[in-house]
Amino acid sequence: MTGNKAGGARTRARELLVQALYQKQIAGHDKSELLSQFREQVAYERVDQVFFDDSLKAIVDSQERLENEIGEFVDRPVQQLDPIERAVLLIGTYELEARIDIPYRVVINECVNLARRFGAVDGHKYINACLDVAATSLRKTETQTPR
């Protein structure tokens with residue numbers, strides 16, 4: 001996949017990631033159960049499957065560490081976050097830390113859009129503010145480089 005098709009497939013993968021991470025929080029499903037369930041969905045055929053699989057595995061495997069990281073730039077305990085906000089922040093924090101091939105502005109924009117689509121009315125503003133702080137910490141060189 002190239003160009004817009006690849007970007008669209010990756011955006012759709014992030015949408016499925018929000019759903020999978022939400023389901024993990026609510027139902028307590030483990031990584032293998034989530035992968036199995038989401039691979040069976042028709043929507044899975046239209047996503048960047050490698051990105052989805054790799055991201056879900058990495059986020060679930062390092063969720064505690066990622067939540068500790070998130071705790072450094074949110075204004076309340078991570079456990080008190082709305083499940084959608086928590087899922088989006090897990091995705092954003094993972095991408096800021098581990099996916100340096102994705103510019104931090106793209107990470108923030110994609111996460112804001114996820115919050116707009118799935119979250120509360122003004123949740124995207126909270127996500128934007130939190131990930132802006134996270135990017136400044138996790139991507140110092142990139143955020144300090146003039147455009």
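Salt bridges in this predicted model come to a count of 12. Side chains of opposite charge can pair when their charged atoms come close. Three of the pairs and one network are set out below, followed by the surroundings of Q49.

**R86 and E67**
- R86 and E67 form a salt bridge whose closest N and O atoms are 3.0 Å apart.
- R86 belongs to helix α5 (residues 83–98) and E67 to helix α4 (residues 63–71), so this salt bridge ties together parts that are 19 residues apart in sequence.
- R86 has a relative accessible area of 14% and is therefore buried.
- E67 is also buried, at 11% relative accessibility.

**D75 and R76**
- Between D75 and R76 the closest N and O atoms of the salt bridge lie 3.1 Å apart.
- D75 counts as exposed because its relative accessibility is 57%.
- R76, with a relative accessible area of 29%, is partly exposed.

**R139 and E142**
- A salt bridge joins the side chains of R139 and E142, at 2.7 Å from N to O.
- R139 is buried, with a relative accessible area of 4%, whereas E142 is partly exposed at 28% relative accessibility.

**Network**
- Salt bridges link R14, E95 and E110 in a network.

**Q49**
- Q49 is located in helix α3, which covers residues 49–61.
- With 32% relative accessibility, Q49 counts as partly exposed.
- The C-alpha atoms of Q49 and R39 are 8.6 Å apart in space, and the two residues are 10 residues apart in sequence.

Key
Residues are numbered from 1 along each chain as its sequence is written. This is a predicted model: local features need pLDDT of at least 70, side-chain atom pairs count only at pLDDT 80 or more; totals for chains, interfaces and linings use all residues. Side-chain values use heavy atoms; hydrogens and water are left out. Helices (H or I, at least four residues) and strands (E, at least two) are DSSP runs, numbered from the N terminus. Buried means under 20% relative accessible area, exposed over 50%, partly exposed in between (1.4 Å probe, protein chains only). A salt bridge is a side-chain nitrogen of Lys or Arg within 4 Å of a carboxyl oxygen of Asp or Glu.
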